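Got the viewer open? Let's walk through this one together, one selection at a time.

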Amino acid sequence: MTNRRTVVYLAIVHTCTIAVLLLLFSVYGPVSFAWSDILFWIGAGLAAHAVQFDIAHFETQRMRVSVGLAVTTANLTLFSPPLAALIISVASLSARDLTGKTDLSKLLFNRSMFALCGGAGAVVFQYVNGLNPGQEVWWFIVASLVAAVCYGTLNTLLVAIAVAFSSGRSVYAVWRSASSTLTHVSYLTLGAYGATLSLTYTRVSPLAVVLLGLPLVASYYGLRNSALVRQFYTQVVQSLADSLDLREHETAGHTQRIAVFAQRLGAVCGMRGGSLESLYVAGLLHDVGKLGMPDRVLLKPGSLTAEEWEVARRHPADGAQLLEPYEHLREVAGIVRHHHERFDGSGYPDGLAGDAIPLGSRIISVVDAFDAMYFGRPYRRPYSWEEARDEIERNSGSQFDPAVVSAFLTIHWPGEVELLRAQGEHDAHE
Ligand SMILES: [Fe+2]
C-alpha cells in the first residue's frame, strides 16, 4: 500500500470515518451503555475474528474468511450506531493484528473501514427496524439481514478499492473476483445467526449466547478442513504444471501465465465462480498431455515431420484422458481436450466449430496464441504488443471466436504481463 493513489484513498477513508463518527454521535448521542455489554461483545468479536484462515483461491489475490460477521451483525442490532461502529472496529482485530504481524497502515485502514461499515450497517438496521413499529421478531430478522448484507457489501467494496489501487487492477475486476454466490450466502447465513445471537442475548441470557457459539466453533473446523483440502489440491495441480514447464524448459512460466491470462479474459467473457476456477486449472494443465510426448518431438528445434506432427497433435486428447477419471476435473478435461480446436472447425482433435467448442477452450486458444507471440519461441522472435494484437484480430472468425477476440481487445495485455511479473517478484520476496 505505498503508491500515491493508495495514500490518498487511505486519507479519504480515515477522514470519512472521523466525520461519520462525529455525525453519528451528534445525531444519536448522548449514548447510554453498560460496560459489561461492551466487554462481552468485544470478547465475542475477538474470539470469532481470531479464527481466520486463507482460502486457497486459484487467483493472484488471497482471501481470508472468518465467522466474525455473525457477531458483527449482533452488534449492529444491539448498540446505537456510534457505539456499534467503535465496538466493531475493536472487536474485528484478528490474531495477526494482535500479535503485530499486520503492517501498521493496513491495521489502521482496517480499523477505520470496520468503523465506517459498522456505523453504516447499524444506521441501516435502525432505519429498517423502525419501519415496523410492531417490533415482531420476523421483522427484526429481516432488518438484521439487510444490515448484514449492507455491512458485508460496503466492506468488500472498500477493500476492493484498496486492492485495486495497490495492484493496478480495476476496482470492478477485484470486486468480481472477491464476490461470489458463496460470499452472499455467507452474509445471509451469518447475518441470520447474528440476529439469533442478539435475540438470545436480550431475551434469554449471555450464557445462552456462549452456548450458541459452540456450533460456530464446529463450523470453523469444517471450513478450515475444506480450506486445507483446497490448498492441497492447488499445490498438486501447480506441481503438475511446474513439472511440465521443467520439461519444456524454454517456455518456463508459460503455464502460470496462461492460467492467469485465461482467468482474466474469462471474467471479461462473463465466466464466474467455479467455471472461472476450472478455467484457471485448465490453463495450468492445458498441455499436460505433453508429459507423454517423446523428447525427440517435444524438444525438437526445427519443424516437425508428418509422423512427428501426428504425435504432437495427440496431446490435447491425452491430457483430457489423464484428467477425466477425476470427477472434480471433468470440466477441466473438456477444456483441455478442445484447446486446439479452431472456430471454423479445422482444428483438432475433434474438428469442433463455433459454440460447440467449450468457451474455456476458445479462451485458452486466444491467450495461448498471444503468449506464444508476445514471449516468442526458440524458433521465433517475440512480437510487439501491436503485432500480436493485429495477428489475433486477423485470425478472428477463422482460428478464434470473434466474441472472445473482442473481449481480449478490451484488455491492455502488456499491463497484465507487468502485473504478473510484479506479483511474482513480490511472492519471491515474501
Ligand atoms: Fe497445446
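Here is a short tour, from the whole chain down to a few helices and residues.

**The whole chain.** Keep in mind that this is a predicted model. Start zoomed out, with the C-alpha trace on: along its principal axes it spans about 85 × 45 × 40 Å. Switch to cartoon and you'll be looking at 20 helices and 2 strands. Of the 430 residues, 34% count as buried. If you like contact maps, take those contacts with a separation of 6 or more: 68% of them come from residues 24 or more positions apart.

**Helix 2.** Now select residues 35-50, which make up helix 2. Its 16 residues reach 22 Å from the first C-alpha to the last, close to the 22 Å expected at 1.5 Å a residue. Which of its residues are buried? Colour Trp 41, Ala 44, Gly 45, Ala 48 and His 49. They sit on the same side of helix 2, because they cover an arc of only 125° around the axis. Spin to the face turned away from that buried side, and you'll find the exposed residues Trp 35, Ser 36 and Leu 39. To see what covers the buried residues, bring up, among others, helix 3 (68-78), helix 4 (81-91) and helix 10 (206-247).

**Val 217.** While helix 10 is on screen, pick out Val 217, which lies in it. Val 217 counts as partly exposed, because it has 13 C-beta neighbours inside 10 Å. Add Ser 198 and draw a C-alpha to C-alpha distance: the two residues are 18 Å apart in space and 19 residues apart in sequence.

**Helix 7.** Next, select residues 137-167, the 31 residues of helix 7. At 1.5 Å a residue they should span 45 Å, and the end C-alpha atoms are 44 Å apart, which agrees. Step just past the helix to Gly 168 and check its backbone: phi is positive there, near 85°.

**Helices 12 and 17.** For the last stop, show helix 12 (residues 273-285) with helix 17 (residues 359-375). Two packed helices are described by the angle between their axes and the distance between the axes. Here the angle is about 45° and the axes are 10 Å apart. Helix 12 and helix 17 are therefore oblique to each other, and their crossing is right-handed. What meets what at this crossing? Turn on side chains for Ser 278, Leu 279, Ala 282 and Gly 283 in helix 12, which meet Gly 360, Ile 363 and Ile 364 in helix 17.

Conventions: Residues are numbered from 1 along each chain as its sequence is written. This is a predicted model: local features need pLDDT of at least 70, side-chain atom pairs count only at pLDDT 80 or more; totals for chains, interfaces and linings use all residues. Helices (H or I, at least four residues) and strands (E, at least two) are DSSP runs, numbered from the N terminus. The expected span of a helix is 1.5 Å times one less than its number of residues. A residue is buried if 20 or more other C-beta atoms lie within 10 Å of its own, exposed if 12 or fewer, and partly exposed in between; C-beta atoms are placed from the backbone. The arc is that of the directions from the helix axis to the C-beta atoms. Two residues are in contact if their C-beta atoms, placed from the backbone, lie within 7 Å. Axes are lines fitted to C-alpha atoms, for helices over the stretch in contact, and angles run from 0 to 180 degrees between N-to-C directions. Angles under 35 degrees count as roughly parallel, over 145 as roughly antiparallel, 65 to 115 as roughly perpendicular and the rest as oblique. A crossing is left-handed if the near helix is turned anticlockwise from the far one by less than a right angle, and right-handed if clockwise.
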